[in-house]
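This report goes through one structure in running text, moving from a loop to the interior and then to the ligand. Please keep the sequence and the 3D view open while reading.

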Amino acid sequence: MKKKISVIGLGNRGTEYMGFLKAFHSSRVEIHALCDIRQQALDDISPKFSVPKERQFISTESFFAQGVISDALIISTQDASHYEIAKQAILTGYKLILLEKPVSGIKEEYISLRNLARENKTLLIVCHVLRYSNYYGKIKEIITSGQIGDIVTINHTENVGYFHFAHSFVRGNWRNEFTSTPSILAKCCHDLDLIAWFMNSPCVSVNSVGSLNFFKKENAPAGATPACMGGCKVKKNCPYDAESLYITDPFYKAKFIKYMGRTLTGKASNSKKDIKDAIKNGDYGRCVFMCDNNVCDNQLVTMTFENGASAVLNMNGFSDKMFRECHIVGTKGELIGYGTKLKMNIFGGKSKTIHTFSPNIGGHVEGDIRLVSRFVKILCGDTKDLTDITTIDATVASHNMALAAEESRKSGGATVFVKDDE
Ligand SMILES: NC(=O)c1ccc[n+]([C@@H]2O[C@H](COP(=O)([O-])OP(=O)(O)OC[C@H]3O[C@@H](n4cnc5c(N)ncnc54)[C@H](O)[C@@H]3O)[C@@H](O)[C@H]2O)c1
């Protein structure tokens, strides 16, 4: 019999996971029930997965009122709702939950969720998708094998991409720390999770500097207007012009932006007219210098670890492409990675390009696909080795590091000690 999965939150992430479940695992699992606060989302998505009316829910209250109706649950709503929905899910009795990151920007919340999961023997997996990719898995494997010796330092850069940053962190859902979380948590909990995973040693202290440097009113050029399509005189030379980004830009950015059509319009399938209307009237057509954003567009975090090693994370929103760079320096050798390509140099020995089997789509989407596969395996009973699974227990480390970084940044870069929460 097929295992049943319910999904709460039918936006980009929820539907992507459901797509992978259907494409790769339909012989083992089926989508049983759906929940979203938007009727449009239920109407769009339910037919694609043959979910009947009686298993479509317009609120989490009505969903949880049914008790446990599936073998597993995916929670892919926006950041601020994760804690309450996950708590409700555990208390209702769900034993296997896939929860989108970040868990919460409030420490008491993610710690209490961890404790609740432990008490109820719930496997709460957080979607730190990068860990599941072959590329990052290979890095971890090499570190664990001892080939580069003991880690001395890690230098990791998250180049968010100027168009991605503008979309998500200036105009979009993660622009304001009070409605979502600071960018160092929202965007970089993945990077901090990787650093913590590679180090395999608790983070002791953090220092951080950073700011909202560019996307603010005083940087608006003369002639700019609040909306790109509202008569802006400088849109022709502006890389952030919404009309160009969302409608006329060339291929590689268009690919990202196309994926975001649902975010702009609220509709699963959207026409050019829908997108144009959304840009004319909605958040995503706003001048990037005149939004209500407050999250950092650049932040540096330095970290020390119990094993004596150190790390630096550099997040910036200005690169031409979206990519992560990582330089891991050990006592015997180093690893240098650019998100898909990986090179290992052994001191006094050979240099080697490491090939990882992956579709040429970068760690993120590959990680998404493999996370879903791992989730299905666990759901179907393969729970032998959960060592590298991103459980809520493992997630606490990255979230602690992010919150400590924010505390440090807000106090001018002062050292903040990261407490052990056991
Ligand atoms: N793991 C990753 O790499 C990764 C990447 C991007 C985003 N995310 C995270 O995934 C989450 C979802 O992101 P998204 O881009 O899919 O967002 P989205 O806005 O496209 O989708 C969220 C959906 O949840 C629904 N929703 C909101 N509140 C709800 C509630 N209380 N009950 C039921 N449904 C509700 C919305 O109507 C919407 O359909 C976010 O927390 C985001 O930070 C994770």
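P102 is placed in the loop between strand 5 (96-99) and helix 5, where helices (H or I, at least four residues) and strands (E, at least two) are DSSP runs numbered from the N terminus. The peptide bond leading from K101 into P102 is cis, with omega near -15°.

The model is a predicted one, in which local features need pLDDT of at least 70 and side-chain atom pairs count only at pLDDT 80 or more, while totals for chains, interfaces and linings use all residues. Residues are numbered from 1 along each chain as its sequence is written, and side-chain values use heavy atoms, with hydrogens and water left out.

Two further residues stand out by their backbone angles, and both are residues other than glycine with a positive phi. As background, most residues other than glycine have a negative phi, and most peptide bonds are trans. S50, with phi near 50°, belongs to the loop between helix 2 (39-45) and strand 3 (56-57); it counts as exposed because its relative accessible area is 62%, the cut-offs being under 20% for buried, over 50% for exposed and partly exposed in between (1.4 Å probe, protein chains only). N200, with phi near 55°, sits in the loop between helix 9 and strand 8 (203-211), just after helix 9, and is likewise exposed, with a relative accessible area of 64%.

Helix 9 itself is mostly covered, with 11 of its 11 residues buried; among them are H190, D191, W197 and F198. The largest nonpolar core (a set of buried Ala, Val, Leu, Ile, Met, Phe, Trp, Tyr and Cys residues joined through side-chain atoms within 4.5 Å) holds 102 residues, of which I125, F198, M303 and I328 touch the most other members. Helix 9 (residues 189-199) supplies the largest share of this core, eight residues. Another core lies apart from it, with 26 residues that include F64, I97, L99 and L124. Leaving aside neighbours within four places in sequence, F198 is in contact (heavy atoms within 4.5 Å) with Y136, I139, K140, I143, I151, I154 and I328.

The ligand is surrounded by 26 residues, and R13, D36, D79, H190 and H364 come nearest; a residue is counted as near when one of its heavy atoms lies within 4 Å. By type, this shell divides into nine nonpolar, 11 polar and six charged residues, where Ala, Val, Leu, Ile, Met, Phe, Trp, Tyr, Cys and Pro count as nonpolar, Asp, Glu, Lys and Arg as charged, and the others, Gly among them, as polar. The table lists distances from an oxygen atom of the ligand to an N or O atom in a side chain.

| Side chain | Distance to a ligand oxygen atom |
|---|---|
| Q78 | 2.9 Å |
| D79 | 2.5 Å |
| W174 | 3.2 Å |

Taken alone, the ligand exposes 860 Å², and the protein buries 86% of that, with accessible areas from the Shrake-Rupley method and a 1.4 Å probe. Helix 1 (12-25) and helix 4 (82-92) are the elements that give two or more residues to the shell, and helix 1 gives the most, with three.

Technical notes: Polar contact = N/O pair within 3.5 Å; in protein donor to acceptor, adjacent residues only side chain to side chain.
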